[in-house]
Amino acid sequence: MGLDYVKFTPGFEKFMPKEYRDMVEHGPFGKKTTVSQMGSFKEILEEHPMCAGCAMTLFIRLAIIAFPNPEDTITVGTAGCGRLAISQAAIPFVYGNYGDQNGVASGLSRGLRLRFGDKPKDVVVIAGDGGMADIGFSCTLHSWFRKEKFTTIMLDNEVYGNTGGQESGMTTKGAVLKMAPLGKKFEKMDMIGMAKLAGCAYVATVVPNNPRRVESVIKKAVLIAREVGPTYVQAYTSCNIEYAIPTDQVMADAKTVEDDRYKFSEYVSDEAKEYLAERYGYKEFLPKPAAAVAKA
Ligand SMILES: Cc1ncc(C[n+]2csc(CCOP(=O)(O)OP(=O)(O)O)c2C)c(N)n1
Ligand code: SF4
């Protein structure tokens, strides 16, 4: 890991495939690129085999652009639609068995700390709601209770998309799906509440139609996980196939769902606020001057 793996070996530049040359010359490695610059640099994830219009793909693209140091980042995932895109990205991807991604990430994150000491190597789990809240539930929760320092991102499409429409714990009550024809009988799981209860230092919900917000959330989550503790981001990433959302309505659906029941929320522990302010200059978390506190 590090910038060396995205450099040419001297003398080999002209023999490298065009895609690789583009990535070295116009990619985001070692630079500060933002979502506002999309279209002006080569993205780490450009090609993928997911359904046209899938909101999950847009979210994954935005999340990867937001990684503070992509050359020092490893993603961990599992079976599910998201891995189809994440595994095409030009950064290392570890594919766990279905559900064990937070266990794999725990070992990886600890190993990288032993190997590289203080030099940050970011581990980011990205997986679906079924893999994370159902089959991987115990691995997810225990990694949080153990205070493992890595980021967990749930691609919450509220269904098992990759296997054709079974309900998950994150499906909303009453939702009718191909393989839940009578409608789901139970409430959507409160993974946000559980993440806070288990001691995550940063917990947020987002939808993909606000790229700058996605960027800000992912950046904070990754930075906090370096030193403070586990972080969790839950993203509504609709499945337009299983929920029959017309492709041109995918972003409108995200906005409606956001307004209705997936409002932006962000919890930052006091320790994480202090860390972001002191280490990374986040002004909004700097202690307020005494006069301002008295006035408030
Ligand atoms: C141990 C195991 N059980 C079941 C499967 C089959 N399987 C593959 S993807 C998937 C569902 C994925 O749903 P989710 O995690 O919500 O992700 P999505 O596809 O919706 O993004 C299942 C059950 C598997 N690969 N491994
Ligand atoms: S099945 Fe759904 S979640 Fe999976 S790629 Fe297609 S639209 Fe996206």
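Which backbone nitrogen lies 2.9 Å from a polar atom of the side chain of Ser168? Keep that one in mind, everybody, and let me first introduce the model in front of you.

This is a predicted model. Its secondary structure comes to 11 helices and 7 strands. The chain has a radius of gyration of 19 Å, and the globule rule gives 19 Å for 296 residues, so the chain is as compact as a globular protein of that length. If you lay a box along the principal axes, the C-alpha atoms fill roughly 65 × 60 × 35 Å.

A few more overall numbers will help. Of the 296 residues, 49% are buried. Now look at contacts between residues at least 6 apart in sequence: 67% of them join residues at least 24 apart. On the outside, the chain exposes about 13900 Å², with 57% of that supplied by carbon and sulfur atoms. As for charge, there are 36 positive and 35 negative charges, and their mean positions are 3 Å apart.

Right, back to Ser168. The backbone nitrogen I asked about belongs to Met170. Ser168 sits in the loop between β4, residues 151-156, and α7, residues 191-197. Is Ser168 buried or exposed? Its relative accessible area is 2%, so it counts as buried; the cut-off for buried is under 20%. Its side chain also has a polar contact of 2.6 Å with the side chain of Asp129. Leaving out residues up to four places away in sequence, Ser168 touches several others, among them Gly130, Asp134, Tyr160 and Lys184.

Glu158 is on that list of neighbours too, and Glu158 lies in the loop between β4 and α7 as well. At 2% relative accessibility, Glu158 is buried. Here is something to look for in its backbone: phi of Glu158 is positive, near 60°, although the residue is not a glycine. Why point that out? Because most residues other than glycine have a negative phi.

Lys147 gives us another case, with a positive phi near 60° in a residue that is not glycine. You will find Lys147 in the loop between α6, residues 137-145, and β4. With a relative accessible area of 41%, Lys147 is partly exposed.

Let's go to a strand next. Thr231 is part of strand β6, which covers residues 231-236. How does Thr231 count, buried or exposed? At 0% relative accessibility, it counts as buried. Its side chain makes a polar contact of 2.9 Å with the side chain of Thr151. Again setting aside residues up to four places away in sequence, the residues that Thr231 touches include Phe150, Thr152, Tyr202 and Ile224.

Now please turn the model to helix α10, residues 270-280. Which residues of α10 are buried? They are Ala272, Tyr275, Leu276 and Ala277. A bit of background may help you read that list: an α-helix has 3.6 residues a turn, so residues three or four places apart point the same way. The cover over the buried residues of α10 includes α8, residues 211-227, and β7, residues 265-268.

Right after α10 comes Gly281, with a positive phi near 70°. Carry on along the chain and you reach Pro287, in the loop between α10 and α11, residues 290-295. Pro287 counts as exposed, at 72% relative accessibility. Its C-alpha atom is 8.5 Å from that of Ala277, and the two residues are 10 apart along the chain. So that you can see the contrast on screen, pick out both: Ala277 is one of the buried residues of α10, whereas Pro287 is exposed.

My last stop is His26, in helix α1, residues 18-26. At 45% relative accessibility, His26 is partly exposed. Not counting residues up to four places away in sequence, His26 touches Arg21, Lys31, Phe41 and Lys42. How far apart are the C-alpha atoms of His26 and Glu43? They are separated by 8.6 Å, and the residues are 17 apart along the chain.

If you take one picture away, take Ser168: buried, in polar contact with the side chain of Asp129, and with a polar side-chain atom 2.9 Å from the backbone nitrogen of Met170. Thanks for listening!

Definitions and conventions
Residues are numbered from 1 along each chain as its sequence is written. Chains are lettered from A and ligands numbered from 1 in the order in which they are written. This is a predicted model: local features need pLDDT of at least 70, side-chain atom pairs count only at pLDDT 80 or more; totals for chains, interfaces and linings use all residues. Side-chain values use heavy atoms; hydrogens and water are left out. Helices (H or I, at least four residues) and strands (E, at least two) are DSSP runs, numbered from the N terminus. The radius of gyration is taken over C-alpha atoms; the globule rule is 2.2 Å times the number of residues to the power 0.38. Buried means under 20% relative accessible area, exposed over 50%, partly exposed in between (1.4 Å probe, protein chains only). Contact means heavy atoms within 4.5 Å. Accessible areas come from the Shrake-Rupley method with a 1.4 Å probe; for residues, only the protein chains shown count as cover. Lys and Arg count as positive and Asp and Glu as negative; His and the chain ends are not counted. The place of a charge is taken as NZ of Lys, CZ of Arg, CG of Asp or CD of Glu. A polar contact is a pair of N or O atoms within 3.5 Å; within protein, one must be able to donate a hydrogen and the other to accept it, and residues adjacent in sequence count only if both atoms are side-chain atoms.
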